[in-house]
Amino acid sequence: MSAPAPAAAPRLAVRGELRLVARQLRYEQLSFWLNPVGAIFTVVFSVVFLVMLGASAGSSRVSYLGNVELVQYYVPAFVSYGVMAACFTTLCISLVVRRETGLLKRLRLSPLPTWGLLAAIVLSTAVIACIQVVLLLAVGRLGFGVHLPHDGLAFVLALLVGVASFTALGVAMSTLVPNQEAAGPVTSTVFFILLFLSGLWFPIKSGSTLAQISTWFPIRHFLKAVFAAFNAQGESPLSWHDLLIVAAWGTAGAVVALRRFQWAPRRG
Amino acid sequence: MSVVSVRGLRKSYGSLTAVDDVSFEVQRGEVFALLGPNGAGKTSTIEILEGFRGRDGGEVRVLGIDPGVRSTQRWLRSQLGVVLQELAVEPFLSVRQVLTRNAGYYPAPRPVEEVIELIGLAEKADAKVKTLSGGQQRRLDVGLGIVGAPALLFLDEPTTGLDPAGRRMSWELLQRLAGEGTTVILTTHYMDEAEALAQRVAIIARGRIVADGAPDTIGGRDRGAATIRFRLPSDAGAEELPEECFEADAQVRRDDGGAVEIQTDEEVRVLHALTGWAQERGVALAGLTVRRNTLEDVYLRLTGGDPERERAGAEAELVRSR
């Protein structure tokens, strides 16, 4: 029969593998940007939200947040929105659709290694999130004269934890959605309710009932961590406490994702 | 030499036995069909051969290796082509983009342009996948199955959901591939599909292979009974038919409308006597037909088209996908 299964030549192989991931990443990006609905829903929405809310905020200030301008609150808020939309909502919906249409199974049955495919999907999500962040910072800076993060390092660290955790939660969520038709409505509904509870649209007072509820979920903590990196006023720009809670949620998500992940359609 | 060898294969999902002691061999260059109703164990068997699913028992060799061994699965996947039941193609990429991407997964792919030509999508090469018709998408799907120049191609119900024209086109494509010497294992629940494409058919029901052979001899099709049908006018009684009609294991049935059905292994002798009798008596044998058992008859007899079983099969399908 054909050549026997070879033992891979290890050193050469690593480079080949990385090229494979890079190549898959390129096609992941292509698939994303060529889908107008997906691209608009994810990238344009966050910018439109920022522009709308930023414009309506005028010069009002938030007294309980160190008296910052409201628009200065909205930029970190929509930066976190952008990260979560890309990593949680968009990733989750696309995974469910790809699973149910057999795309994941087909990739699984190709010689592309599983880890390579997953790496490409995660990296692709991170790229989309980064594009969002840059776009939002530019709109905030140029459109509303908002200052950029005080502490670049704390900002990057918050983004890293956020991207990783919400990606894990997005994959976990995809394992809970039974079919393609439910993917969009279920995921978006969960996301928007959590956004509201977490005070993303309008800052909520700490100590209020809403603030109490929102402390249970990761969105509020992610938002606070990003906000802290932007507006360090006396406090530490690195909100360890919040980032740890986000990371804990991310870890829980990763456990669910690894346990329940499925390649084949469920047809349920 | 066998490309695939399966011996005593078993797979259960909980208390449900999906594959129960299945054995078969597929030779190089052969087109082999697993024919059976939904939930009979076809897809489970194929998934085990692909290394996608584990097995509970039995010996399996695909291209000389055990598909259940993880360390060689990636090599195995580089030698396999797969076409799934679902039309699994990214909707927003073009035909050429999708084929180019997948070609890159394989060590020695077929040239993309050659595949485009082969699947008859040259004019649609730059069209987005979502603008293709169902039949065109299916052909692209087959194209993705062969772009890696596989030593073995799996087709899981390749024409389910296609209109007759789309099926016909897919068949032509698959016949061309078979002509090139690609070894193919396909599953189907269409008898005509197995007959049109496969050199060898195994009929599978309730997880067991109940018959295995060439489509025109399977289940004793070439020997077994033929059915002679005609109508007698109301003034002629069936008991007046010549004695050859009642000989040996021939069976005569007549309903109220005068329709007569004779089952016999010796249709030539019976027909000869029958037509002679009709001429002599001046009786018209209206609507006279002789029909040899079709693959469908064999299939229905062997799979026992029993609704309870069908339901159990549907449940097996459900459990399997969990």
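**Exercise 1. Find what share of the residues in chain B is buried, then describe the overall build of the chain.**

Step 1. In this predicted model, 41% of the 322 residues in chain B come out as buried.

Step 2. Now for the extent: along the principal axes, the C-alpha atoms of chain B fill a box of roughly 75 × 50 × 35 Å.

Step 3. Count the elements and you get ten helices and 13 strands in chain B.

Step 4. Take the contacts in chain B with a separation of 6 or more: 70% of them join residues 24 or more positions apart.

Step 5. Chain B splits into domain 1 (2–220 + 298–321) and domain 2 (226–292). The centres of these two domains of chain B, taken over C-alpha atoms, are separated by 44 Å.

**Exercise 2. Work out the strand order of the three-stranded open sheet in chain B, and place helix H1 relative to its strands.**

Step 1. The order is S2-S1-S4 (chain B), and the pairing is antiparallel.

Step 2. Strand S2 (16–27) and strand S4 (57–62) of chain B are the edge strands, since each pairs on one side only.

Step 3. On average, neighbouring strands of this sheet are turned by 15° against each other, direction ignored.

Step 4. Look at one pair: strand S1 (residues 2–13) of chain B and S2(B) run antiparallel, with nine bridges between them. For a register check, B:Ser5 sits opposite B:Glu25 in S2(B).

Step 5. Helix H1 (residues 42–50) of chain B lies across S1, S2 and S4 of chain B and runs at about 120° to S1(B).

**Exercise 3. Decide whether B:Asp56 is buried, exposed or partly exposed, and list its contacts beyond four places in sequence.**

Step 1. Locate the residue: B:Asp56 is in the loop between H1 and S4 of chain B.

Step 2. The cut-offs are 20 or more neighbours for buried and 12 or fewer for exposed. B:Asp56 has 13 C-beta neighbours inside 10 Å, so B:Asp56 counts as partly exposed.

Step 3. Skip the neighbours within four places in sequence, and B:Asp56 is in contact with B:Arg10, B:Lys11 and B:Ser12.

Step 4. B:Asp56 and B:Ser12 are 44 residues apart in sequence, yet their C-alpha atoms are 7.0 Å apart in space.

**Exercise 4. Trace the six-stranded open sheet of chain B from one edge to the other.**

Step 1. The order reads S5-S6-S7-S3-S8-S9 (chain B), with mixed pairing. The edges are S5 and strand S9 (208–213) of chain B, and the twist averages 15° from one strand to the next.

Step 2. Start at strand S5 (residues 80–83) of chain B: B:Leu80 and B:Val82 point one way, B:Gly81 and B:Val83 the other, and all are buried. That fits the general rule that side chains in a regular strand alternate between the two faces of the sheet.

Step 3. S5(B) pairs in the parallel sense with strand S6 (residues 152–156) of chain B over four bridges, and B:Val83 has B:Leu155 as its bridge partner in S6(B).

Step 4. At the other end, strand S8 (residues 200–205) of chain B and S9(B) run antiparallel, joined by five bridges. Here B:Ala205 stands opposite B:Arg208 in S9(B).

**Exercise 5. Break down the side of chain B that touches chain A.**

Step 1. The contact uses 27 residues from chain B and 25 residues from chain A.

Step 2. Helix H2 (73–79) and helix H3 (95–103) of chain B are the elements giving two or more residues to this side of chain B. H2(B) supplies the largest share, five residues.

Step 3. By type, this side of chain B divides into 13 nonpolar, eight polar and six charged residues.

How values were computed:
Residues are numbered from 1 along each chain as its sequence is written. Chains are lettered from A and ligands numbered from 1 in the order in which they are written. This is a predicted model: local features need pLDDT of at least 70, side-chain atom pairs count only at pLDDT 80 or more; totals for chains, interfaces and linings use all residues. Two residues are in contact if their C-beta atoms, placed from the backbone, lie within 7 Å. Ala, Val, Leu, Ile, Met, Phe, Trp, Tyr, Cys and Pro count as nonpolar, Asp, Glu, Lys and Arg as charged, and the others, Gly among them, as polar. Two strands pair if DSSP finds at least two bridges between them. Axes are lines fitted to C-alpha atoms, for helices over the stretch in contact, and angles run from 0 to 180 degrees between N-to-C directions. Domain bounds come from an automatic or database domain assignment.
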